[in-house]
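Dear colleague,

Here is the structure I promised to pass on to you. Please have it open while you read the notes that follow.

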Amino acid sequence: MLTTREWETVLGGPVRVPDPDLLVHLQFRRFAGCPVCNLHLRSVVRRHAEIEARGIREVVVFHSTAEELRPHVADLPFAVVGDPGKVLYVEFGVESSPRSVLDPRAWGSIARGLARDLGPVLLGRRPLPRPTGGRLGLPADFLIAPDGRVIAEKRGEHADDQWSVDELLRLAG
């Protein structure tokens, strides 16, 4: 059972976890500008209205500073929290490992993410990723009920091992 807390979001203002009225999909991602994370979050953005209609609030945590995150997340329609000291990562048992990028199952997404993000970086439209907390973070997903119960969780085995939107919606019932 999680106790209620408020975290400051990267774009300003607090986010409450658990939410008293909604399920919370708490996502732990890697670092600001992570190409694999960007690919995944774009899939969440595309279906955000559907996620909200199911009574789910998205909250995404990165192990980067708010300053590093702002240029990468300014257009995201959900709360993003910076945790450069990895306090929340430790609290939720979210790990780092070389297998995050060395696992062949992640290589396709790494390549697609780099291909998608390289142009804007080279053209100066997006800053070069700065992995404050390192490049070897593993993703994790938690579905949290309004009463603080964690009703489902997934701890990734590699950089691209997280719930799809379809999995999230199925778990939310």
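With 173 residues, a compact globule would be expected to have a radius of gyration near 16 Å, and the protein, at 15 Å, agrees with that; the radius is taken over C-alpha atoms, and the rule is 2.2 Å times the number of residues to the power 0.38. Please keep in mind that this is a predicted model, in which local features need pLDDT of at least 70, side-chain atom pairs count only at pLDDT 80 or more, and totals for chains, interfaces and linings use all residues. Residues are numbered from 1 along each chain as its sequence is written, and side-chain values use heavy atoms, with hydrogens and water left out.

Along its principal axes the C-alpha trace spans about 45 × 35 × 30 Å, and 49% of the 173 residues are buried, meaning under 20% relative accessible area with a 1.4 Å probe, protein chains only. The protein contains seven helices and seven strands, these being DSSP runs (H or I, at least four residues, for helices; E, at least two, for strands) numbered from the N terminus.

There are four aromatic pairs, where rings of Phe, Tyr and Trp (its six-membered ring) pair if their centres lie within 6.5 Å, and count as edge-to-face if the planes are over 60 degrees apart. Phe-28 and Tyr-89 form an edge-to-face pair, 5.0 Å centre to centre with 70° between the planes. Because Phe-28 lies in strand β3 (residues 23–28) and Tyr-89 in helix α4 (residues 87–91), this pair ties together parts 61 residues apart in sequence. Both Phe-28 and Tyr-89 are buried, and ring pairs link them with Phe-92 and Phe-142 into a cluster.

Best regards

Terms used. Buried means under 20% relative accessible area, exposed over 50%, partly exposed in between (1.4 Å probe, protein chains only). Rings of Phe, Tyr and Trp (its six-membered ring) pair if their centres lie within 6.5 Å; planes under 30 degrees apart count as stacked, over 60 as edge-to-face and the rest as tilted.
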